[in-house]
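User: I would like to go through the charged pairs and the cysteines of this model, with the reasoning behind each label.

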Amino acid sequence: MNMHANDELELSVARLALGGRGVARLDGMVVFVDGALPGETVMAKVTQVKKGFAEAVAERIITPAPEAVEPRCPHFGVCGGCDWQRLDYPAQLFWKREQVAETLARLGGLTGVPVADTVPSPEIYGYRNKMEFAFAGRLHLGLRERRNPARALDIETCPLMAPWAGEVVNATRALCRDTGLAAYDPRTGKGVWRHLVLRDAVHDGSRLVHCITGPSRSAGDAVLELGKALLARFPDLTGFVHSV
């Protein structure tokens with residue numbers, strides 16, 4: 001068939017590609033489907049057609065995958081931080097091993113190479129000890145949107161890190177908004193706020209907030225007040241660092 005952008009197709013997803021998109025075939029054409037899992041039948045809208053393959057976005061799930069689960073994070077699907085929260089963890093481990101084996105065979109030409117089972121994490125959530133959040137506009141703070149990476153999604157919580165991280169992100173967003181200063185824009189060189197990095201040293205319980213700004217003269221005083229406010233509001237914080 002002749003496939004075009006914005007076509008709506010019913011697709012049966014067979015595999016997971018690197019990066020988490022589902023892989024379907026229609027009349028010999030490979031279609032990578034964002035938001036679809038193996039074993040699902042979905043209605044998808046084509047976003048791009050290239051030589052030999054197409055890209056699409058799942059708009060409606062007709063038949064869910066047997067391994068589909070309810071995502072824990074309320075931002076899943078819009079936030080670009082996670083790809084597989086809707087897939088049961090044992091199935092995630094299976095497909096990660098499959099992707100390694102497929103890459104060795106298809107790209108490396110190495111057939112028959114033994115690939116061990118994926119080693120599971122002892123914690124499925126709350127395992128991250130460092131995360132970087134982005135500022136944007138006047139004023140958003142969170143993680144990049146899944147389908148619009150130029151925008152930062154104002155997240156309220158992130159289950160990948162301990163609960164204190166979400167509390168600090170929300171407090172920082174409000175305090176930075178109160179300054180009236182915008183996020184740094186690399187296209188113009190204007191603005192202040194750039195990134196917020198949180199670190200959690202689980203071996204000794206220390207917690208660090210790291211604020212990164214652009215080279216604005218107005219940043220110093222604003223960041224000093226931000227640091228004082230956060231350390232006062234969250235006594236468990238070990239320190240606050242500012243870098244440009």
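The turns below set computed values against the cut-offs.

Analyst: The model is predicted.

User: Why is the contact between Glu-55 and Arg-21 called a salt bridge?

Analyst: The closest N to O distance between the two side chains is 3.5 Å. The cut-off is a Lys or Arg side-chain nitrogen within 4 Å of an Asp or Glu carboxyl oxygen, so the pair qualifies. The pair links distant parts of the chain: Glu-55 is in strand β5 (residues 53-63), while Arg-21 is in the loop between β1 (8-16) and β2 (22-26), 34 residues apart.

User: Is Glu-55 buried or exposed, and what makes it so?

Analyst: Glu-55 has 15% relative accessibility, and buried means under 20%, so Glu-55 counts as buried. Its partner Arg-21 stands at 26%, which lies between 20% and 50%, so Arg-21 counts as partly exposed.

User: What makes Arg-151 and Glu-145 a salt bridge?

Analyst: Their closest N and O atoms are 3.6 Å apart, and the limit is 4 Å, so the pair counts. Arg-151, at 49% relative accessibility, is partly exposed because exposed would require over 50%. Glu-145, at 15%, is under the 20% limit and therefore buried.

User: How do you know that Asp-154 and Arg-177 form a salt bridge?

Analyst: The closest N and O atoms of Asp-154 and Arg-177 are 3.1 Å apart, within the 4 Å limit, so the label applies. Asp-154 lies in the loop between β8 (152-153) and α2 (163-179) and Arg-177 in helix α2, so the pair ties together parts 23 residues apart in sequence. Arg-177 has a relative accessible area of 41%, between the two cut-offs, and is therefore partly exposed.

User: How many salt bridges does the rule give, and which residues are linked in a network?

Analyst: The count comes to 16 salt bridges. Asp-34, Asp-83, Arg-146 and Arg-147 are linked in a network of them.

User: How many disulfides are found, and why is Cys-73 in no disulfide?

Analyst: The search of the whole structure finds 0 disulfides. For Cys-73, the nearest cysteine sulfur is that of Cys-158, 6.2 Å away. A disulfide needs the two sulfur atoms within 2.5 Å, so Cys-73 is not in one. Cys-158 is in no disulfide either, with the sulfur of Cys-73 as its nearest at 6.2 Å.

User: Why are Cys-73 and Cys-158 called buried?

Analyst: Cys-73 has a relative accessible area of 11%, which is under 20%, so Cys-73 is buried. Cys-158 also has 11%, and the cut-off therefore makes Cys-158 buried.

Key
Residues are numbered from 1 along each chain as its sequence is written. This is a predicted model: local features need pLDDT of at least 70, side-chain atom pairs count only at pLDDT 80 or more; totals for chains, interfaces and linings use all residues. Side-chain values use heavy atoms; hydrogens and water are left out. Helices (H or I, at least four residues) and strands (E, at least two) are DSSP runs, numbered from the N terminus. Buried means under 20% relative accessible area, exposed over 50%, partly exposed in between (1.4 Å probe, protein chains only).
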